[in-house]
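Student: I've just opened this one and don't know my way around yet. Could you walk me through it?

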Amino acid sequence: MMQNVHPAPENNEDDLYSGYNDYNPMFDTEDLENDVAFQQAARTSHGRRPPVTAKIPATSSPRPLATGFGAGFSVSKATLTSSMGRPMTGTIQDGISRPMTAVQAAGYTKAAVRGSSFDPLGQARGPASPLEKKTSDSLEEKMRQLEKKVNELVEESCVANSCGDLKLALEKAKEAGRQERELLRQREQIAPPESINLDLTYTVLLNLASQYVANEMYAEALTTYQVIVKNKMFSNGGILKVNMGNIYLKQRHYSKAIKFYRMALDQMTSSHKQMRIKIMENIGVAFIKTGQYVDAISSFEEIMNISPNLKAGFNLILCYFAIGNGEQMKKAFKNLIEVPLEVDYEDKYISLNDDLHTNLLIEAIKNDSLSQIERERKSLAEEYIMTAAKLIAPAIETSFAVGYDWCVDAVKASHYVELANDLEINKATTYLRQQNFNQALETLKMFEKKDSRVKSAAATNLSFLYYLGNELEQATNYADLAVNSDRYNPSALTNKGNTVFANGDCEKAAEFYKEALRNDSLCTEALYNLGLAYKKLNRIDEALDCFLKLHAILPNSAQVLYQLANIYQIMEDPNQAIEWLLQLISVVPTDPHVLSKLGNLYDTEGDKSQAFHYYCESYRYFPSNIEVIEWLGAYYIDTQFCEKAIEYFERAALILPTQVKWQLMVASCYRRSGNYQKALEKYKVIHRKFPENVECLRFLVRLCTDMGLKEVQEYITKLKKAEKLKEIRDQRIKSGREGSARSRKEGSGDSGGTKGERLSAKLKVLPGTNEPYEGSSSKEIDASYADPLGPQPERPKTAARKRTEEDDFADEELGEDLLPE
């Protein structure tokens, strides 16, 4: 077959096949007949050439093949024409044409027939067979899957921690550790140690230690951190000594914390500037905890020299205050107010033109996230400065006022000019805490000529001071001044509402409280006072709505919880009232008033055991509440434990020694318990203190009669005199009263008893003069009396008991309620 055919030059047909020599320049064609190797190759290769399939251009006959030059070759005499139109002579082998295989890549196949479509992409053959899946039988593939599973467990652990499920996060971290160890064992069997994934091991251990810390398992966390730190293959493991120092700091092992912080600081390069600053801050805090203020000062001073910040500056002031160095306190305070905040001030939000688009853009920028961060940073700086000023003011000068003035001057010379006025107002507030009201008033009155914002704040405080002093006129004047200076000041509006409320105009006060809430929806004082105003106006539903909103803002406010319970009690919903009071005692568990109120509600609902529990708790925290004492004494009488009731009535007698009622109760408890001798002695003591008390004399007459004592006649004589004196006194009082008063007395009934002689609704009135005493020298004295404790319970009959039943003590029946109405 011809290759690389070149057109022959004109008038030189002898060089027609010179291109053949160009294809193989080492092949000599001049003496082929004498070339033995070539003749041998031609003889042995005859008939082995593939059939010719290509055709001669511009003809329908196949392209002839050259079979050789010389012996053994039969060359046809057909002339070939080149692409340039020149005649070409060559030989064509007789036989079958060679298949055209060079065009199979273009989509031509042997199966192609006349009329078939051109399909170079082989779409007629249908879709390609699916790719063969990798078999998971290989050990390397298993390890890859196991490594993927470890990463997934670590991620799940981190997600669980962020969601607050610390227990699940720890379990996932432990499982990741177990899987990672299994992966290491398999990896060591088939690969050298250099192929171990150290990053994965480091991640698993670090996450496990972090989850231990989150679950407060500090010993396990320290052990895990030690594994990382001691492994030299982890290049950044030394940084984790900071975490170990943090754990020791939480455990209050301050010396160990300092040791690990310093070790971490030594391994930290200077390129990690912020990290080094934070470690030095931790070292300083640990020194403060141990009381080593000098060492702490050195740490904080180094921070202030390298990269000053608010926290380090404030801690430095604390250390100087602890050692009492006034001059250094001044220097540290100046350094604190010179710390750069890196914030833009409000001047940048001032619009210089009336362009609506620009103004809208400025308004949007004022409250973006970056502006909020700047405001928070500035607020934090002001809080640090004000706290430091209050702390060092008494220590840097001879008095608090002089020291505070120095701090104010220092602040005025800095970029916190507006803070100077706040410091002045804070100075007045400090005077209030020191109960120096005159100095507070003088300080606040200095702001009457200041700008509106400062004037409003000062006038608000002045109004509050006069309100506390019950000087409502002055309080109203300054409240008006505060509102006129700044109508959008919610505190000023609240104070104004308070003054109006104190004057009795609750409707108008509610309007001021609402306006304060419109200016600041989180003004809790205005919302609370609005609820009180609605409650005063008997608009209970609106008051309940106010206190429920306030509870959403202040869920642990004792005042709010109490008001909610009180409102539900007014609405006659004791179950809800009890629920709110139970929440209240979870906030203030030692408040005796709340406990007694809860006992009262349970008693109203008929739950005596719960009522007794809460009354006992109230008595334990405040054993001087007469109502609680009265209820507990009545409870023990009702349950027939008169001996226990004596303790409470004796307590009441100590609290109110001028009321005979409680001492009579003690004596009656002795008699109920069968201790007649002790009861007689108690009645004698009562008679010495209250010689004209008719009830006590009747008890003495009856007991002496029952016990057969000779003193009975003496007490009978005293009883006659006391009753006559009481009758004369009652007649004088009755005759001296007006007709209207007399009619009221007749309508209410004449009990004739002494004032305040009612124990409760259940314990009836003490014996009074309504039981007429009829006695004379010729008739037997009727010494019957009404027991203030009610009828005695059934007990085994004794001689004294028999005498009692025969003589009829005329005990009154108990009522239905032990509590006072």
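Tutor: Sure, and keep in mind that this is a predicted model. Let's begin with α14, whose buried residues pack against α11 (310–323), α12 (326–337), α13 (356–366), α15 (400–412) and α16 (417–433).

Student: Which residues in α14 are buried?

Tutor: Look for residues with under 20% relative accessible area, since that is what buried means here. Some sit towards the start of the list, such as S371 and E374. The full set in α14 is S371, E374, A381, Y384, I385, M386, A388, A389, I392, A393 and I396.

Student: How far does α14 reach from its first C-alpha to its last?

Tutor: Helix α14 covers residues 369–396, which is 28 residues. At 1.5 Å a residue, the expected reach is 40 Å. The model comes close to that, with a reach of 40 Å.

Student: Where in α14 does the kink lie?

Tutor: Look shortly before the proline P394. The kink there is about 30°, and its place is K390.

Student: I'd like to look at α11 too, since α14 packs against it. Is N315 in that helix buried or exposed?

Tutor: N315 does belong to helix α11. Its relative accessibility is 14%, and the cut-off for buried is under 20%. Leaving aside neighbours within four places in sequence, N315 is in contact with V285, I288 and F300. So N315 counts as buried.

Student: On to the rings. How many aromatic pairs does the count come to?

Tutor: Rings of Phe, Tyr and Trp pair if their centres lie within 6.5 Å. By this rule the count comes to 17 aromatic pairs.

Student: Why is the pair of Y615 and W631 stacked?

Tutor: Their ring centres are 4.5 Å apart and their planes are at 25°. Planes under 30 degrees apart count as stacked, so Y615 and W631 make a pair that is stacked.

Student: Which parts does that pair of Y615 and W631 tie together?

Tutor: The two residues are 16 residues apart in sequence. Y615 is buried at 5% relative accessible area, and W631 is buried too, at 0%. Y615 lies in residues 608–621 and W631 in residues 626–638, so the pair ties together helix α27 and helix α28.

Student: What are the ring-centre distance and plane angle for Y683 and F699?

Tutor: Y683 lies in helix α31 (residues 676–689) and F699 in helix α32 (residues 694–707), so this pair ties together parts that are 16 residues apart in sequence. Y683 is buried at 0% relative accessibility, and F699 is buried with a relative accessible area of 0%. The pair is stacked, with centres 4.7 Å apart and planes at 10°.

Student: Which residues form one aromatic cluster with Y615 and W631?

Tutor: Y615 and W631 belong to one aromatic cluster. The others in it are F612, Y619, Y635, Y636 and Y648.

Student: Which ring does R620 lie over?

Tutor: R620 is placed over the face of a ring, at 4.5 Å from the ring centre. That ring belongs to Y621.

Student: Last one: is E572 buried or exposed?

Tutor: E572 is in the loop between α24 (558–570) and α25 (574–587). It has a positive phi of about 60° although it is not a glycine. Its relative accessible area is 71%, and the cut-off is over 50%, so E572 is exposed.

Notes:
Residues are numbered from 1 along each chain as its sequence is written. This is a predicted model: local features need pLDDT of at least 70, side-chain atom pairs count only at pLDDT 80 or more; totals for chains, interfaces and linings use all residues. Side-chain values use heavy atoms; hydrogens and water are left out. Rings of Phe, Tyr and Trp (its six-membered ring) pair if their centres lie within 6.5 Å; planes under 30 degrees apart count as stacked, over 60 as edge-to-face and the rest as tilted. Helices (H or I, at least four residues) and strands (E, at least two) are DSSP runs, numbered from the N terminus. Buried means under 20% relative accessible area, exposed over 50%, partly exposed in between (1.4 Å probe, protein chains only). A charge sits over a ring if NZ of Lys or CZ of Arg is within 6 Å of the ring centre and within 35 degrees of the ring normal. The expected span of a helix is 1.5 Å times one less than its number of residues. The bend at a residue is the angle between axes fitted to the seven residues ending there and the seven starting there. Contact means heavy atoms within 4.5 Å.
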